[in-house]
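Student: Please take me through this model slowly, and tell me on what grounds each term is applied.

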Amino acid sequence: MQFNPRYSSLDTKLFHQQQPSPLRGAKAGHFNEALADELQWSAEDKANWVEICSGQKTFAEFPPLAMVYAGHQFGQWAGQLGDGRGLLIGQILDQHGQTIDLHLKGAGSTPYSRMGDGRAVLRSVIREYLAGHALNALGVASSHAVGFTTSSQGVQRETLELGAMLLRTSDCHIRFGHFEWINQYAPVLLADFTQKCIEWHYPECLDADNPILAFAQKVIERTAIMIAKWQLVGFAHGVMNTDNLNITGSTLDFGPYGFMERFRPNWINNHSDYQGRYTYQNQPSIGHWNLWTWLNNLIPLATPENKEQFKLDLAKCLEQFEPIFLEHYGQGLCQKMGLPHFHKDSLDCSFAFLNILQTEQLDYTQSFIRLQNQEYKILRDDCLDLRQFDAFLQQYQEIRKHQDIDALDHAMQQANPHYVLRNHMAQKAIELAQRGDFSEVDRLFKLLNLPYSKQPDLETAEDITPLPSDVPEISVSCSS
């Protein structure tokens, strides 16, 4: 590995250095060799992956550390938070020269654990491992993972579960909540911390007339694009607290996430979300709210004589969130539909299709595949309101009639996955893994690696359909 220590060069108030606390009886779960290659792991690193991914082996080039940050959770100020069960154990260069964080999850308690035990359990580790892999393959910026290990050590949650560790990778673990913590507890660090964020993650902003405003614009843009991509693939994060969004617009912190099956925009995939704050349909507005909260933490960087103008400039930056989101979502939706984005009726037609999926409770992913395959009769047969479907289909075919159909169909194939990580798919893999069988984790890992390609030799019927309507949904909470 080629180390590039950066975070450890910051003021020591921002982290606590400590070694991981390995679990008893650590053993292999699953290893992402392709990602290890991208990260330039040596043959020796790969041979030692279980030791690295279980906290038994760390690196002299980067003493492990837990970050401190704060945040708003479910819209309420939660005070000091931080890495309560994770440690940054390295920052290394990938094959493109980009600095990537190695973050070990489940590594034991830290000063920021609050009442937690610092551990992770096998079910949550598998869900995060597969979700990051799935989103990356879908083209959605996300954390990834080199591998995970299980153990013989029990961890108490609602029941006694198997402890596990995950070696997560990300281009950035700096969260909106870092800025909240600094402003609340160490405001003197804000200017230097912000400067480092720009240098490390947005160096192109250094040449701008106002680098801080340019930085804000970039973070807003990337966050808007990330959420637009979530919406397009039907992904619901489930817990969009300010400490769970980072400054590079890459998905971070998988807890009670879900890929939507039957199209219900108000679906609450996190049963701890009693008010439905983090439903699929709310994600754009919550993203906007989180950015607004974050931007308020940049205001102290203004000079006293320029403070009011700086506030106005930040507000103007935030005004770009909605048009950026709508542009990327609208273009992506038209691509999924096989419609030209420039046509005046394409978006109306697209929303008419979504309305059918909602009222008829059709599967989001497979309905787009059926539309792509021109299986109109199958779609129609699933509808009770035939008049609504026929009106849509007439408009749809009329728009496409004078277009380059081959180009539109090719675009559809690149935008509509055959496979997403349905909750019951992950649950089956978890139940087998808890009995020591990781074959289903491996099968899903391979299947989700090529989500836009049909894989009849790997797929099962359960991969392409939601659970029957009379089968209770799998309940997922923040407990992990």
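Student: How much space lies in the largest cavity?

Tutor: About 40 Å³ of space lies in the largest cavity, where a volume is the space filled by probe spheres set on grid points that are joined across faces, edges and corners. Please keep in mind that this is a predicted model, in which local features need pLDDT of at least 70 and side-chain atom pairs count only at pLDDT 80 or more, while totals for chains, interfaces and linings use all residues. Residues are numbered from 1 along each chain as its sequence is written, and side-chain values use heavy atoms, with hydrogens and water left out.

Student: What makes a space a cavity and not a pocket?

Tutor: On a 1 Å grid over the protein atoms alone, a cavity is a set of points where a 1.4 Å probe fits but cannot get out, whereas a pocket is an open set with protein on both sides within 12 Å along at least five of seven lines. The count by this rule is 2 cavities of 30 Å³ or more, and the second largest of them has a volume of about 30 Å³.

Student: Which residues line the largest cavity, and what makes a residue part of a lining?

Tutor: A lining residue has an atom within 4 Å of a point, and for the largest cavity the residues that line it include Arg6, Tyr7, Gln91, Asp101, Asp171 and His201. The second largest cavity has its own lining, with Met226, Trp230, Asn244 and Leu252 among its residues.

Student: How do you know that Gln91 and Asp101 belong to paired strands?

Tutor: Strands, which are DSSP runs of E with at least two residues, are numbered from the N terminus, as are helices, which are runs of H or I with at least four, and two strands pair if DSSP finds at least two bridges between them. Strand 6 and strand 7 (residues 99-105) have 7 bridges in the antiparallel sense, and Asp101 in strand 7 is the bridge partner of Gln91. In the hairpin of these two strands, with 5 residues between them, Gly97 takes a positive phi near 85 degrees.

Student: Why is strand 6 called mostly covered?

Tutor: A residue is buried under 20% relative accessible area, exposed over 50% and partly exposed in between (1.4 Å probe, protein chains only), and 7 of the 8 residues of strand 6 (residues 86-93) are buried. Across the protein, buried residues make up 57% of the 480 residues.

Student: Why is Arg114 called exposed, and Gln374 partly exposed?

Tutor: Arg114 has 55% relative accessibility and therefore counts as exposed, while Gln374 has a relative accessible area of 42% and is therefore partly exposed. Arg114 lies in the loop between strand 7 and strand 8 (120-121), and Gln374 lies in the loop between helix 12 (364-372) and helix 13 (376-381). Neither is a glycine, yet Arg114 has a positive phi of about 55 degrees and Gln374 has one of about 60 degrees.

Student: How do you know that Cys205 is in no disulfide?

Tutor: A disulfide is a pair of cysteine sulfur atoms within 2.5 Å, and the closest cysteine sulfur to that of Cys205, in Cys317, is 10 Å away, so it is too far for a bond. Cys334 is in no disulfide either, with the sulfur of Cys349, its nearest, 9.0 Å away, and the structure holds 0 disulfides. Cys205 counts as buried because its relative accessibility is 3%, and Cys334 is buried with a relative accessible area of 1%.

Student: Where does the second largest pocket find its lining?

Tutor: The second largest pocket holds about 500 Å³ of space and is lined by 24 residues, of which Leu35, Glu38, Asn136, Ser142 and His144 lie nearest its centre. Helix 1 (33-38), helix 4 (122-138), strand 10 (160-170) and helix 17 (439-449) are the elements that give two or more residues to this lining.

Student: Helix 4 also holds Ala131; why does Ala131 count as buried?

Tutor: Ala131 has 0% relative accessibility, and therefore it counts as buried. The C-alpha atoms of Ala131 and Leu326 are separated by 25 Å, and these residues are 195 residues apart along the chain.

Student: How do you know that the protein agrees with a compact globule?

Tutor: The radius of gyration is taken over C-alpha atoms, and the globule rule is 2.2 Å times the number of residues to the power 0.38. With 480 residues the rule gives a value near 23 Å, and the protein has 23 Å, so the two agree. The C-alpha trace spans about 65 × 65 × 40 Å along its principal axes, and the protein has 17 helices and 12 strands.
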